[in-house]
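Trainee: Hi! Could we go through this structure together?
Mentor: Happy to, let's have it on screen first.

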Amino acid sequence: MAQKIILDCDTGVDDTMAILYAALHPEIDLLAVGSVWGNVDIETATRNCLHTVAMAGRAEIPVARGAAGPIDGSDAVFAYHVHGDDGQGNAGTGRPVGETVEWTAAEQIIRLAKRHPKEIELIAVGPMTNVALALSLCPELPSLLKGVTIMGGAAGAPGNVTEVAEANIHSDPEAAAAVFSATWPLTMVGLDVTMITTLDDSHRATLAAGGSIGQYMADILDFYFSFFEAAAFGERRSCMHDALAVAIGAGLLEPELAPIVNAYVVTGAGPTRGQTVCDLRGMYMGYPEQHGATTRVVLKSDPAFAKDVVRVIAEAGDSPIDLTRVR
Ligand code: BDR
Ligand code: CA
């Protein structure tokens, strides 16, 4: 049976890949998508969510609009320099498609969790604002979900916004802290694995050789590759952060090392704001059980998995919607 998931994302370039993978994979039942601010503003993120499900030929998947900024009301900071002004590497079609549902992304999580108790993996790959809002609206939510998987944090790896903080956590540490302290089984797919699971020109060539969906993905990766070349790798390749979280959250990729440990998020002001502190002190003893621990921290997974994600998208053929750019 395909794993039921809800995907919550701040749709930039890697989120687009994650939605495509989830919408196209036969072993994933993508029930709904929620947009959240983060890589780009909420208008742009929502438009990109709608565009991506339609591009995949899955326009029937509901898309709900989510939060426009951090849960504490502070100013939102976006990452257009990473994902382009349109969140599509400045290579999007510029053509809006589809409409959102009338409920919010947080309400959507609750509605679906009540409809399918203990069956849904909620996969959040942007700032965790919607998830924290859902939790505050429905305190019994942890008992209604199968689990929560996030792309976010760094257990041993350096941060990508500050020395210690990863973007999705750093964007809204108060929301992330609520997600980490809830009682659901939480899987953290952080920079420890997403920084070493990368896409290179051979993956882009495979995408470009596919139908219009693959070609679109190859096009929007161009800008993303340039960002990573300058900011991280010194050569043309990129992470595929969010799709890796989908693969692990949906049970399609079994991590090679993922101990269940105590973990929390640093909130408040100061240089460690947004850090994920994971108790890895058991590493020399094979990670013995920790009292009260609920966070499965993925420390090792197969980097070659990137090609599976690429294959699913490259083999998807042509989109039912027009993907040529509006001039
Ligand atoms: C995460 O931050 C966002 O820019 C990406 O989409 C990914 O979810 C990586 O730190
Ligand atoms: Ca994201």
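Mentor: One term before we start: buried means under 20% relative accessible area, exposed means over 50%, and partly exposed lies in between. Keep in mind too that this is a predicted model.

Trainee: Got it. So is Asp172 buried or exposed?
Mentor: Asp172 has 0% relative accessibility, so it counts as buried. You'll find it in the loop between α7 (167–171) and α8 (173–181).

Trainee: What does the side chain of Asp172 reach?
Mentor: The backbone nitrogen of Ile71, at 2.9 Å. Setting aside residues up to four places away in sequence, Asp172 touches Trp37, Pro70, Ile71, Pro127 and Thr129.

Trainee: And how far is Asp172 from Ser74?
Mentor: In space, 9.2 Å from C-alpha to C-alpha; in sequence, 98 residues.

Trainee: Let's switch to Asn130. Where is that one?
Mentor: Asn130 sits in helix α5. With 1% relative accessibility, Asn130 counts as buried.

Trainee: Which backbone nitrogen does the Asn130 side chain reach?
Mentor: That of Ala67, at 2.9 Å. Beyond its neighbours within four places in sequence, Asn130 has contacts that include Asp8, Ser35, Val36 and Gly66. Ala105, Ala106 and Ile109 are also among them.

Trainee: Now the metal. Which residues are the protein donors of the calcium ion (ligand 2)?
Mentor: Asp10, Asp15, Val125 and Asp242. The three Asp residues give OD atoms, with Asp15 listed twice, while Val125 gives its O. These donors lie 2.3 to 3.0 Å from the ion.

Trainee: What spacing do the donors follow along the chain?
Mentor: It reads D-x4-D-x109-V-x116-D. Val125 is in the loop between β4 (120–124) and α5 (129–137), and Asp242 is in helix α12 (residues 241–249), so this pair ties together parts that are 117 residues apart in sequence.

Trainee: Are Val125 and Asp242 buried or exposed?
Mentor: Both are buried.

Trainee: How about α12 as a whole? How many of its residues are buried?
Mentor: Nine of the nine, so α12 is largely enclosed by the rest of the structure. Among the buried residues are His241 at one end of the list and Gly249 at the other, with Leu244, Val246 and Ile248 in between.

Trainee: What happens just after α12?
Mentor: Gly251 takes a positive phi of about 80° there.

Trainee: Fine for a glycine, I guess. Which other residues should I look at for positive phi?
Mentor: Two that are not glycines: Asn90, at about 55°, and Tyr287, near 55°.

Trainee: Where do they sit?
Mentor: Asn90 is in the loop between α3 (80–83) and α4 (105–115). Tyr287 is in the loop between β11 and β12.

Trainee: And are they buried or exposed?
Mentor: Asn90 is partly exposed, at 39% relative accessibility. Tyr287 is buried, with a relative accessible area of 18%.

Trainee: Okay, new topic: how many salt bridges are there?
Mentor: The count comes to 14. One of them is between the side chains of Glu174 and Arg273, at 2.9 Å from N to O. That pair links distant parts of the chain: Glu174 is in helix α8 and Arg273 is in the loop between β10 (263–265) and β11, 99 residues apart.

Trainee: How accessible are those two?
Mentor: Glu174 is partly exposed, with a relative accessible area of 27%. Arg273 is partly exposed as well, at 22%.

Trainee: Got another one for me?
Mentor: Try Glu256 and Lys300, which meet in a salt bridge at 3.6 Å, N to O. Glu256 is in the loop between α12 and β9 (260–261), and Lys300 is in the loop between β12 and α13 (306–314), with their positions 44 residues apart in sequence. Lys300 is partly exposed, at 45%.

Trainee: What about Glu315 and Arg311?
Mentor: Their side chains form a salt bridge too, at 3.7 Å from N to O. Glu315 is exposed at 59%, whereas Arg311 is partly exposed at 39%. There is also one network, in which salt bridges that share partners join Arg204, Asp222, Glu229 and Arg236.

Trainee: Last one: which residues make the nonpolar surface patch?
Mentor: Met283, Tyr284 and Met285, over about 430 Å². Met285 lies in the loop between β11 (276–278) and β12 (295–297), and is exposed with a relative accessible area of 65%.

Note on methods
Residues numbered from 1 in each chain as written. Chains lettered and ligands numbered in written order. Predicted model: local features only at pLDDT ≥ 70, side-chain atom pairs only at ≥ 80, totals over all residues. Heavy atoms only, no water. Donors = N, O, S within 2.8 Å, 3.2 Å for Na, K, Ca; no water. Helix = DSSP H or I, 4+ residues; strand = E, 2+ residues; numbered from the N terminus. Buried < 20%, exposed > 50% of the residue type's maximum accessible area, 1.4 Å probe, protein only. Patch = residues over 30% accessible without salt bridge, like charges linked within 9 Å, V, L, I, M, F, W, Y side chains within 5 Å. Areas by Shrake-Rupley, 256 points an atom, 1.4 Å probe, with all protein chains shown as cover. Salt bridge = Lys/Arg side-chain N within 4 Å of Asp/Glu carboxyl O. Contact = heavy atoms within 4.5 Å. Polar contact = N/O pair within 3.5 Å; in protein donor to acceptor, adjacent residues only side chain to side chain.
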